Amino acid sequence: MKESLPPFPAPQAPDPLDGLLDLTPAASDQPRLRADAARNRTRLLEVAARLAAECGAANLTMEGVATAAEVGKGTVFRRFGDRFGLLVALLDHHEREFQASFLTGPPPLGPDAPPVERLRAFGAAAIRHEYGHRDLYLAAHADATRRHANPAARLRLSHLCMLLRRAGVQGDIELLAQTLLGYLDINLVDHLVERRGMSLDRLELGWGDLITRLVGTA
């Protein structure tokens with residue numbers, strides 16, 4: 001089942017998630033788009049979201065978006081760079097919602113909970129969040145060379161490193177955090193659920209057991 005994206009904020013309307021880290025690479029370094037260019041970008045995203053819902057994100061192409069939007073292919077490339085950039089832009093709103101939940105949201109995922117509780121909650125929330133939008137996440141993560149380099153991945157890594165340190169875990173914190181992120185990888189989750197028949201509940205319990213074993217050495 002494919003989920004359609006929520007409506008994109010109007011170019012001039014404030015986004016309630018502004019201030020969080022954008023998934024779009026180097027967003028802070030890009031010049032602010034003119035109003036007409038911003039409207040054009042929003043329209044292209046709406047068209048891309050409709051095509052992804054109808055045909056699947058894996059089948060989304062720059063040419064298809066250009067044709068459906070009745071613009072030149074070069075316009076789509078200028079707005080998003082390449083197909084990966086388009087997929088990243090489609091995921092941006094979903095990703096910032098997830099960021100808000102663990103950066104500023106209520107416990108046990110947000111800041112007002114002990115680090116071990118936050119570690120357990122983070123994994124469970126990440127599994128549910130990405131699996132709920134797996135069509136887009138799988139398509140965006142198809143490029144393994146860029147999967148770990150985007151700002152959202154770096155934010156998750158930094159967040160886990162921070163929680164591991166606060167929980168008193170010893171060892172190479174970055175490598176431990178990368179290992180935990182490997183457990184949450186949507187390609188693995190999709191394989192275990194769709195091909196191995198495991199439930200999301202089982203994966204969440206496994207995550208909790210992994211955290212217990214890891215922090216038990218602290």
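**Close-up A. The buried ring of Phe-98 and its aromatic partners.** Phe-98 is buried, with a relative accessible area of 4%, where buried means under 20%, exposed over 50% and partly exposed anything in between (1.4 Å probe, protein chains only). This and the following views show a predicted model, in which local features need pLDDT of at least 70 and side-chain atom pairs count only at pLDDT 80 or more, whereas totals for chains, interfaces and linings use all residues. Residues are numbered from 1 along each chain as its sequence is written, and side-chain values use heavy atoms, with hydrogens and water left out. The count of aromatic pairs comes to four, a pair being two rings of Phe, Tyr or Trp (its six-membered ring) with centres within 6.5 Å, called stacked for planes under 30 degrees apart, edge-to-face over 60 and tilted for the rest. Phe-98 and Phe-102 form an edge-to-face pair, at 5.1 Å centre to centre and with 70° between the planes. Both residues lie in helix α4, four residues apart, which is about one turn of the helix; helices here are DSSP runs of H or I with at least four residues, numbered from the N terminus. Phe-102 is likewise counted as buried, at 0% relative accessibility, and Phe-98, Phe-102 and Phe-122 form one aromatic cluster.

**Close-up B. His-129 and its surroundings in helix α5.** His-129 is found in helix α5, which covers residues 115-132, and is buried, with a relative accessible area of 12%. The side chain of His-129 makes a polar contact of 2.8 Å with the side chain of Tyr-137 (a pair of N or O atoms within 3.5 Å, of which, within protein, one must be able to donate a hydrogen and the other to accept it, residues adjacent in sequence counting only if both atoms are side-chain atoms). Leaving aside neighbours within four places in sequence, His-129 is in contact (heavy atoms within 4.5 Å) with His-94, Glu-95, Phe-98, Tyr-137 and Arg-156. Helix α5 itself has 18 residues and reaches 25 Å from its first C-alpha to its last, close to the 26 Å expected at 1.5 Å a residue, the expected span being 1.5 Å times one less than the number of residues. Besides His-129, the buried residues of α5 include Phe-122, Glu-130 and Tyr-131, and what covers the buried residues of this helix includes α4, α6, α8, α9, α10 and α11.

**Close-up C. Salt bridges around Asp-190 and Glu-63.** The salt bridges, each a side-chain nitrogen of Lys or Arg within 4 Å of a carboxyl oxygen of Asp or Glu, come to a count of 10. Glu-63 forms one with Lys-73, the closest N and O atoms being 3.6 Å apart. Glu-63 lies in helix α2 (residues 62-69) and Lys-73 in helix α3 (residues 73-80), so the pair ties together parts that are 10 residues apart in sequence. Glu-63 is partly exposed, with a relative accessible area of 40%, and Lys-73 also counts as partly exposed, at 41%. Asp-190 forms a salt bridge with Arg-134, with the closest N and O atoms 3.9 Å apart. That pair links distant parts of the chain, with Asp-190 in helix α10 (residues 186-194) and Arg-134 in helix α6 (residues 134-140), 56 residues apart. Asp-190 forms a salt bridge with Arg-195 as well, at 3.5 Å between the closest N and O atoms; Asp-190 is buried, with a relative accessible area of 11%, whereas Arg-195 is exposed, with 60%. Arg-134 also lies over the face of Tyr-131, at 4.2 Å from the ring centre (the rule asks for NZ of Lys or CZ of Arg within 6 Å of the ring centre and within 35 degrees of the ring normal).

**Close-up D. Helix α8 and the residues that pack around it.** Helix α8 (residues 151-166) has 16 residues and reaches 22 Å from its first C-alpha to its last, close to the 22 Å expected at 1.5 Å a residue. Among the buried residues of α8 are Pro-151, Ala-153, Arg-156, His-159 and Cys-161, and the buried residues of this helix pack against α4 (83-103), α5, α6, α7 (144-147), α9 (173-184) and α11 (200-215). Arg-156 is linked with Glu-95 and Glu-130 in a network of salt bridges. The helix is followed by Gly-168, whose phi is positive, near 80°.

**Close-up E. Arg-147 in helix α7.** Arg-147 touches His-141, Ala-142, Ala-153, Asp-185 and Asn-187, not counting residues up to four places away in sequence. Arg-147 and Phe-84 are 63 residues apart in sequence, and their C-alpha atoms are 10.0 Å apart in space.

Definitions and conventions: Helices (H or I, at least four residues) and strands (E, at least two) are DSSP runs, numbered from the N terminus.
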